[in-house]
Amino acid sequence: MEVFFGLTVPFFAVIGLGYLAGARRLIPPAGIPHLNTFVFYFSMPALIIGALARQPVTVLLDAQFLAAWISAGVLLFALGALGARFAGMKGLASAAISGQASAVGNVGFLALPLVLVAFGPGGIGSVAAALIIDLVVLIPLSIGLIEVSRGGTELSATAQRVARGMVFNPFLVSIVAGVLLSATGIGVPSALEWFVEFLGAAAGPTALFALGLSLAGRRLRGDLPGIALMSLLKLIVHPVVAYFMLSGFGLSAETVAVGTVVAAMPVAGNVFVIAEQYGVGARRVSAAILVSTVIAVVTVALALSFAKGLIGV
């Protein structure tokens with residue numbers, strides 16, 4: 001177990017440094033969006049493109065993995081939405097946010113660099129597939145339900161905004177680019193290979209540091225049952241369900257291992273963005289992100305230990 005804590009603790013230590021820098025105002029809150037912009041639009045896309053372009057396209061477009069991940073995600077979404085009522089979160093909008101928080105983890109900023117270190121480039125295809133499902137299925141599902149709860153008078157306009165957001169999302173664009181480079185056999189042109197590798201190498205540390213900065217502005221406010229529900233479902237139930245779903249679809253041990261670790265990620269920051277935009281339990285979600293990220297120091301190490309055991313490492 002010490003080996004797995006030794007692997008995960010450095011990642012969370014960088015998050016801690018970002019938190020410390022934010023709490024001490026070494027970097028003011030106004031600087032956080034600029035750091036996120038670098039990660040979101042430049043370094044992380046370079047990492048994704050470089051990693052995917054080197055993988056066989058059959059690994060990247062695994063229909064069984066996509067089906068298993070959708071099944072696990074929708075089930076967790078339903079559990080989070082149904083549990084919201086018992087946790088004191090009333091209304092369809094609150095249920096939608098609870099469902100999204102329970103099913104969508106911090107894949108881009110935390111799972112991607114962690115899987116790359118723990119499993120190597122071969123695990124990136126599963127991470128990319130998980131990102132696709134989150135971006136095109138689970139997040140739009142949450143937004144759609146919120147719009148329905150508000151009367152649904154502008155559903156078509158909302159659908160267009162969501163579609164535009166997906167099409168121009170840098171993560172999704174870079175995934176498509178990486179898959180195309182893999183499928184065509186072009187790969188990363190030699191003239192750009194060092195540039196992509198150099199820029200992509202900054203993605204992990206910068207993303208984790210930026211995550212810590214964003215956590216420094218969050219406070220433990222909101223109702224405890226709701227926070228506990230979202231954190232428990234995301235950190236414990238999601239990886240368990242993902243393991244059984246991925247295993248049930250007959251995927252390889254390594255793919256099951258990677259998927260289980262990805263499912264163990266804490267609540268994603270984009271859940272707060274949507275909650276704040278629609279005015280639905282933003283403080284509760286903010287607290288759940290903070291709590292789940294802190295607890296993930298232990299739970300992710302446990303998930304990684306279990307996952308490595310699946311492949312005999």
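Helices, as counted here, are DSSP runs of H or I that hold at least four residues, and they are numbered from the N terminus. In this predicted model, the chain contains 15 helices and zero strands. One of these helices, α9, covers residues 170-184, and just after α9 comes Gly185, which takes a positive phi of about 80°.

**Overall form**

- The radius of gyration of the chain is 19 Å, which agrees with the value near 20 Å that a compact globule of 313 residues would have.
- Measured out along its principal axes, the C-alpha trace of the chain spans about 55 × 45 × 40 Å.

**Packing and surface**

- Of the 313 residues in the chain, 51% are buried, while the area that the chain exposes comes to about 13,600 Å², with carbon and sulfur atoms supplying 70% of it.
- When contacts between residues at least 6 apart in sequence are considered, 85% of them join residues that are at least 24 apart.

**Charge**

- The chain carries 15 positive and 10 negative charges, and the mean positions of these two groups lie 14 Å apart.

**Helix α9 and the residue after it**

- Helix α9 has 15 residues and should span 21 Å at 1.5 Å a residue, which agrees with the 21 Å between its end C-alpha atoms.
- The buried residues of α9 are Pro170, Phe171, Leu172, Ser174, Ile175, Gly178, Val179, Leu181 and Ser182, where buried means under 20% relative accessible area.
- Gly185, with its positive phi of about 80°, directly follows this helix.

Technical notes
Residues numbered from 1 in each chain as written. Predicted model: local features only at pLDDT ≥ 70, side-chain atom pairs only at ≥ 80, totals over all residues. Heavy atoms only, no water. Helix = DSSP H or I, 4+ residues; strand = E, 2+ residues; numbered from the N terminus. Rg over C-alpha atoms; globule rule 2.2 N^0.38 Å. Buried < 20%, exposed > 50% of the residue type's maximum accessible area, 1.4 Å probe, protein only. Contact = heavy atoms within 4.5 Å. Areas by Shrake-Rupley, 256 points an atom, 1.4 Å probe, with all protein chains shown as cover. Lys, Arg positive; Asp, Glu negative; His and termini not counted. Charge placed at Lys NZ, Arg CZ, Asp CG, Glu CD. Expected span 1.5 Å × (residues − 1).
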